[in-house]
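Dear colleague,

Please find below the structure that I am handing over to you. My findings follow directly after it.

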Amino acid sequence: MPDFASLFSLKQISSVTLTLFAIIDILGSIPIIIQIRQREGRINSEVATLVAGVIMVVFLFLGQSILALFSVDLASFALAGSLIIFFIALEMVLGVEIFRHNTLASGTGSIVPLAFPLIVGAGTMTTLLSLRALYSLPNVLVGIVVNLVFVYLVLKSSAWIERKLGKAGEDILRRVFGVILLAIAIKLFKQNF
């Protein structure tokens, strides 16, 4: 039976956590979260976090099977994902909108559009498969849990964060994480090209 130290790597967990943190970009989503809260009256942080977690874990385990169903190899999917991540990063760094965010989708605001596709969108799904190819499964799962805890805390305290950051602070955070995402996209591209 393997011991704890052989299953978990702090370096891998840190890499997975930071990568998912940059992709999910929950801090950059605060304006949309606030808009949903104003429209719906409240955000159910527990439901949004739980649904996002279920989607991530299911895709982590079944994503490759879904790809096999369509005869797409992981390298091609990762390459496509690196392009999506690249364009998301460009949005963050340049302050332009490449992907249209539908914040007026019908349904429960805590699930659609908050849990999916805002927290867990195409970029997150692509990244999960890429991370699974690069790192051990227990480390990826821990990285997901750490991010879900952070997502929950941000959802619970979004009004307080809005007051403290201000528009300038939020803009700086988006750009910093955008540059990190650009580097991640280039890394994924180089590894799968």
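In this predicted model, the buried residues of α8 are N139, V140, G143, I144, N147, L148, V151, V154 and L155. In an α-helix there are 3.6 residues to a turn, so residues three or four places apart point the same way. The length of α8 was also checked: its 20 residues, at 1.5 Å a residue, should span 28 Å, and the C-alpha atoms at its ends are 29 Å apart, which agrees.

Three residues of α8, namely V140, I144 and L155, reappear in the largest nonpolar core, where they are among the residues with the most contacts. That core has 48 residues, and I26, L114, I119 and L181 are also among those with the most contacts inside it. The elements that give two or more residues to this core are α2 (10-24), α3 (30-40), α4 (45-69), α5 (74-94), α6 (110-119), α7 (122-134), α8 (137-156) and α9 (158-192). Of these, α9 gives the most, with seven residues.

The second largest pocket has a volume of about 250 Å³. Its lining consists of 14 residues, and S15, T19, Y135, I184 and K187 lie nearest its centre. Two or more lining residues come from each of α2, α7 and α9. The largest share of this lining, six residues, is supplied by α9, the helix that also gives the most to the largest nonpolar core. By type, the lining residues of the second largest pocket divide into eight nonpolar, five polar and one charged.

Two points of the backbone also deserve a mention. Most residues other than glycine have a negative phi. D25, however, has a positive phi of about 50° although it is not a glycine. D25 is placed in the loop between α2 and α3. S71 likewise is not a glycine, yet has a positive phi, of about 60°; its place is in the loop between α4 and α5.

Which of these two residues is buried, and which is exposed? D25 has a relative accessible area of 10%, and is therefore buried, as this is under 20%. S71 has a relative accessible area of 68%, and is therefore exposed, as this is over 50%.

With kind regards

Methods. Residues are numbered from 1 along each chain as its sequence is written. This is a predicted model: local features need pLDDT of at least 70, side-chain atom pairs count only at pLDDT 80 or more; totals for chains, interfaces and linings use all residues. Side-chain values use heavy atoms; hydrogens and water are left out. A nonpolar core is a set of buried Ala, Val, Leu, Ile, Met, Phe, Trp, Tyr and Cys residues joined through side-chain atoms within 4.5 Å. Buried means under 20% relative accessible area, exposed over 50%, partly exposed in between (1.4 Å probe, protein chains only). Helices (H or I, at least four residues) and strands (E, at least two) are DSSP runs, numbered from the N terminus. The expected span of a helix is 1.5 Å times one less than its number of residues. On a 1 Å grid over the protein atoms alone, a cavity is a set of points where a 1.4 Å probe fits but cannot get out, and a pocket is an open set with protein on both sides within 12 Å along at least five of seven lines; lining residues have an atom within 4 Å of a point. Grid points are joined across faces, edges and corners, and a volume is the space filled by probe spheres set on the points. Ala, Val, Leu, Ile, Met, Phe, Trp, Tyr, Cys and Pro count as nonpolar, Asp, Glu, Lys and Arg as charged, and the others, Gly among them, as polar.
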